[in-house]
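Biologist: I would like to go through some of the labels given to residues in this structure, and to hear the reasoning behind each one.

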Amino acid sequence: FGVARGDGLVALQAEAEAVERETGLQIRVFGFDNGPGGLPEWIGDHRDHPDAWQPGDYPMDEAWLRGRLAPRTTLILGNVRETVPAFVRDGSAPPIGFIAVDLDLYSSTTLALRILTLPGRKLLRRTFLYFDDIDQVFTHRFAGELLAIDEFNAANATIKIDRLRGLEDSKGDIRSVT
């Protein structure tokens, strides 16, 4: 979630190819993004960190990015408010085993996390999540991705997001759904 220029999406598709070569397991990659306009116009209150991000930040050169994508990779453009429920409703995607969240905004992260709870979702028994904006100097539990995670956990009795323990990570931002 959050493609922008697309370097992360291209890296994920390369890793998927490497894992597929080693295991024989087919992996599809999906990238969700607002699109060429960058961050949406509706950046909200303090929870979205308007001190750090502005509407239009991280624009995408869609044609250039699509030229870098392998057949295994699908780019899904639009507001996550609509694209996440449509993705789950479609039902044709494989079970989700990994999610990288780079949406920057609390509001967008909250909407994206619905992919874990919507009726019809398909998840592996343990789905790993990566959040890129939880350890920056301006982040705190009352805004951004950390607040979205806390609210998700408070609202869901049977599915939780927690720090992955037992794996050394210098940034401390790998999480799992249990």
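Modeller: What follows is a set of questions and answers about a few loop residues in this predicted model.

Biologist: Why is Asp 133 called buried?

Modeller: The relative accessible area of Asp 133 is 5%, and buried means under 20%, so Asp 133 counts as buried. This residue sits in the loop between β4 (123-131) and α5 (144-155), where, leaving aside neighbours within four places in sequence, Asp 133 is in contact with Trp 53, Asp 102, Asp 104, Thr 139 and Glu 145.

Biologist: What makes the pairing of Asp 133 and Gln 136 a polar contact?

Modeller: The side chains of Asp 133 and Gln 136 are joined at 2.6 Å, and a polar contact requires a pair of N or O atoms within 3.5 Å, so this pair meets the distance limit.

Biologist: Asp 104 was among those contacts; why is Asp 104 called buried, and what is its phi?

Modeller: With a relative accessible area of 6%, set against the limit of under 20%, Asp 104 is therefore buried. Asp 104 lies in the loop between β3 (96-101) and α4 (106-112), and its phi is positive, about 70 degrees, although Asp 104 is not a glycine. That deserves a remark, because most residues other than glycine have a negative phi.

Biologist: Tyr 58 also has a positive phi, near 60 degrees; why is Tyr 58 called partly exposed?

Modeller: Tyr 58, in the loop between β1 and α2, has a relative accessible area of 43%; buried is under 20% and exposed is over 50%, with partly exposed in between, so Tyr 58 is partly exposed.

Biologist: How do you know that Pro 36 is partly exposed?

Modeller: Pro 36 has 42% relative accessibility, and partly exposed lies between the limits of 20% and 50%, so that label applies to Pro 36. Pro 36 is also in the loop between β1 and α2, and its C-alpha atom is separated by 6.2 Å from that of Glu 62, which is 26 residues apart from Pro 36 along the chain.

Biologist: How do you know that Asp 48, which is buried, has no salt bridge?

Modeller: The nearest side chain of opposite charge to Asp 48 is Arg 47, 6.7 Å away, whereas a salt bridge needs the charged atoms within 4 Å, so Asp 48 has none. The side chain of Asp 48 does, however, reach the backbone nitrogen of Ser 107 at 2.8 Å.

Definitions and conventions: Residues numbered from 1 in each chain as written. Predicted model: local features only at pLDDT ≥ 70, side-chain atom pairs only at ≥ 80, totals over all residues. Heavy atoms only, no water. Buried < 20%, exposed > 50% of the residue type's maximum accessible area, 1.4 Å probe, protein only. Lys, Arg positive; Asp, Glu negative; His and termini not counted. Polar contact = N/O pair within 3.5 Å; in protein donor to acceptor, adjacent residues only side chain to side chain. Helix = DSSP H or I, 4+ residues; strand = E, 2+ residues; numbered from the N terminus. Contact = heavy atoms within 4.5 Å.
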